[in-house]
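Q: Hi! I'm new to this one and would love a friendly walk through it. Can you pull it up for us?

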Amino acid sequence: MRGRGWALAALVLVTATLSGCGHETVAQSVGEPGRPAPTGEWLSTSVTAGGKPKTLVSGTRISLAFADGQIRADGGCNTMSGPVRFDGGVLIVDQLAQTDMGCLDGRNEQDQFVAGLLAARPVYSYDGSRLELRTADTDVVFGPKAQVRPAAPLEGTRWAVTHLTQGPPPTASADPNSAVSARPAPSDAYLQFAEGKLTGSDGCNSLFGDVTITGSQITFGPIATTKKACPGISGTDKLRAVLTGAVGWHIDDNVLTLTNADGSGLQLQAPADTSVVTPPCCKPLVTGSPTPQSASEPPLNANTAEPADAPPGY
C-alpha cells in the first residue's frame, strides 16, 4: 500500500547540491530533442562502470522513480529526491535532498555512485518499458519495478526489523522537510503475519497476537510475550509499543514500513528473492556480457516454523 506522498520511514534530511557544470554529455554533443520523459518506478537490471560489469551489494538494486517533475533515487541505503528535468535527451538534476542513515557493507558508497551518476547529467533512452542512463564511463539499464521485483506480500513473509523510527504523526500536514529519525532495531527481531495472527520476536522475547488487516492499516490486538531476561539488549520496549491499535503499513519492494498514530514506527525488510528474472525488455545493450549485479543474493527464506514457546493457535 502507498504511504503519504513519497515519505519514507528513514532518517534526517540533508541537502546536497549537485553540479552538472563542466560535464559535457553524449546527448549534449549529439543533440537528441523530443525524447519522451520517463515516468513511474524503475529498478536496475544491469550496471556497467569503466567498461566492466559493476557488482552491487548483495540483495540491492538501484531504484528510480519519476512523478510530477520530481525524481526519487535509492542506491540501497539512503533515499535521494529533488526536481528533475529533461532537455535534449539529457536527464538533469541540480539538487537532491538525501536521508542520512548510516549503512555498512558498501551501501553508503553505492549511494554515492548513484548521486554521482545523476550529477553527471546522463544521456537517457526510454520507450516505456526500458530505461537506460549513460555517461562517458557508466551505463545503467532499468526495468519496470513491477516486473523486475514485485512487492513482497505482507502475509507469509518473514519481515526482519531493521530500524526503529520516529517522525511526525501521519495526520500531520505534509512537509517534505520534516525529519524522521531512526536507530537500529534489536538484532534478530522479526514479524510475521498469517491468517489473522502475528508471530515474531522483539529481539529477546517471542511475540504473539491477533491482527486485522484492512486496506492500509493493521489493527493489533493485545500482544503477548514470553518473559525471558536479556541483559544488554535495548529497544525491545519501543518495538513492542509500535504494535498498538491501528498502524499504517506500506510496502516498497522488499521493505515494509509500519507507522503508529504517534509517528513512531518500524522499518522491516524481507529476504531478497533470487528467482527474479530480468524481463526481455530490460537486458543491457552494451558491449560484453555483464554478470548479475549481485554476486550472491541471499536465498529466499520464508522461515515459517512456529516458535517453540508459542501458545496454542500460534
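Q: Which residue stands opposite T165 in β14?
A: That is A182. Keep in mind as we go that this is a predicted model.

Q: OK, and how do β13 and β14 pair, parallel or antiparallel?
A: They run in the antiparallel sense, with 4 bridges between them.

Q: What sits in the loop between those two strands, say P168?
A: The loop joins β13 (158–166) to β14 (181–184), and P168 lies in it. P168 has a relative accessible area of 28%, so P168 is partly exposed. From P168 to S181 there are 13 residues in sequence, and their C-alpha atoms are 10.0 Å apart in space.

Q: Which strand pairs with β13 over 6 bridges?
A: That would be β21 (residues 264–269), again in the antiparallel sense. If you look along β13, V161 stands opposite L268 in β21.

Q: And what about β15, how many bridges there?
A: β13 and β15 (residues 190–194) share 3 bridges, and the pairing is antiparallel. W159 faces L191 in β15 there.

Q: What does R158 lie over?
A: R158 lies over the face of Y190, 3.6 Å from the ring centre. Another case is K54, whose charged end sits over the ring of F113 at 4.8 Å from the centre.

Q: F113, where have I seen that number? Which residues of α2 are buried?
A: F113 is one of them, along with Q110, D111, V114, A115, L117, L118 and A119.

Q: How does the span of α2 compare with what you'd expect?
A: It agrees. Helix α2 (residues 107–119) has 13 residues, so at 1.5 Å a residue it should span 18 Å, and its end C-alpha atoms are indeed 18 Å apart.

Q: What happens just after α2?
A: R121 comes there, with a positive phi of about 55 degrees.

Q: New topic: rings. How many aromatic pairs are there?
A: A search of the whole structure turns up 4 aromatic pairs. In one of them, F66 and F86 have ring centres 6.0 Å apart and planes at 55 degrees, so the pair counts as tilted.

Q: Where do F66 and F86 lie in the chain?
A: F66 is in strand β4 (residues 63–67) and F86 is in strand β7 (residues 85–87), so their pair ties together parts that are 20 residues apart in sequence.

Q: Is F66 buried or exposed?
A: F66 is buried, at 6% relative accessible area. F86, on the other hand, counts as partly exposed at 27%.

Q: Which residues form a cluster through ring pairs?
A: F66, F86 and Y124 are linked into a cluster that way.

Q: Switching again: how many disulfides are there?
A: The count is 1 disulfide. It joins C204 to C230, with the sulfur atoms 1.9 Å apart.

Q: Why is that disulfide called right-handed?
A: The torsion about the S-S bond of C204 and C230 is about 80 degrees, so the disulfide is right-handed. The pair links distant parts of the chain, 26 residues apart: C204 in the loop between β16 (197–201) and β17 (206–214), and C230 in the loop between β18 (217–225) and α4 (236–242).

Q: And is C204 buried or exposed?
A: C204 is buried, with a relative accessible area of 12%, while C230 is partly exposed at 26%.

Q: Last topic, salt bridges. How many are there?
A: There are 9 salt bridges by the count. In one, K145 meets E41 at 3.5 Å, N to O. That pair connects helix α3 (residues 145–148), home of K145, with strand β2 (residues 40–49), home of E41, across 104 residues.

Q: What else does K145 meet in a salt bridge?
A: D252, at 1.9 Å, N to O. D252 lies in strand β19 (residues 245–252), so to speak far along the chain from K145 in helix α3: they are 107 residues apart. Both D252 and K145 are buried, whereas E41 is partly exposed, at 24%.

Q: Which residues do shared partners join into one network?
A: Salt bridges with shared partners join E41, R72, K145 and D252.

Definitions and conventions. Residues numbered from 1 in each chain as written. Predicted model: local features only at pLDDT ≥ 70, side-chain atom pairs only at ≥ 80, totals over all residues. Heavy atoms only, no water. Buried < 20%, exposed > 50% of the residue type's maximum accessible area, 1.4 Å probe, protein only. Phe/Tyr/Trp six-rings, centres within 6.5 Å; stacked < 30°, edge-to-face > 60°. Lys NZ or Arg CZ within 6 Å of the ring centre and 35° of its normal. Pairing = 2+ DSSP bridges. Disulfide = S-S within 2.5 Å. Expected span 1.5 Å × (residues − 1). Salt bridge = Lys/Arg side-chain N within 4 Å of Asp/Glu carboxyl O.
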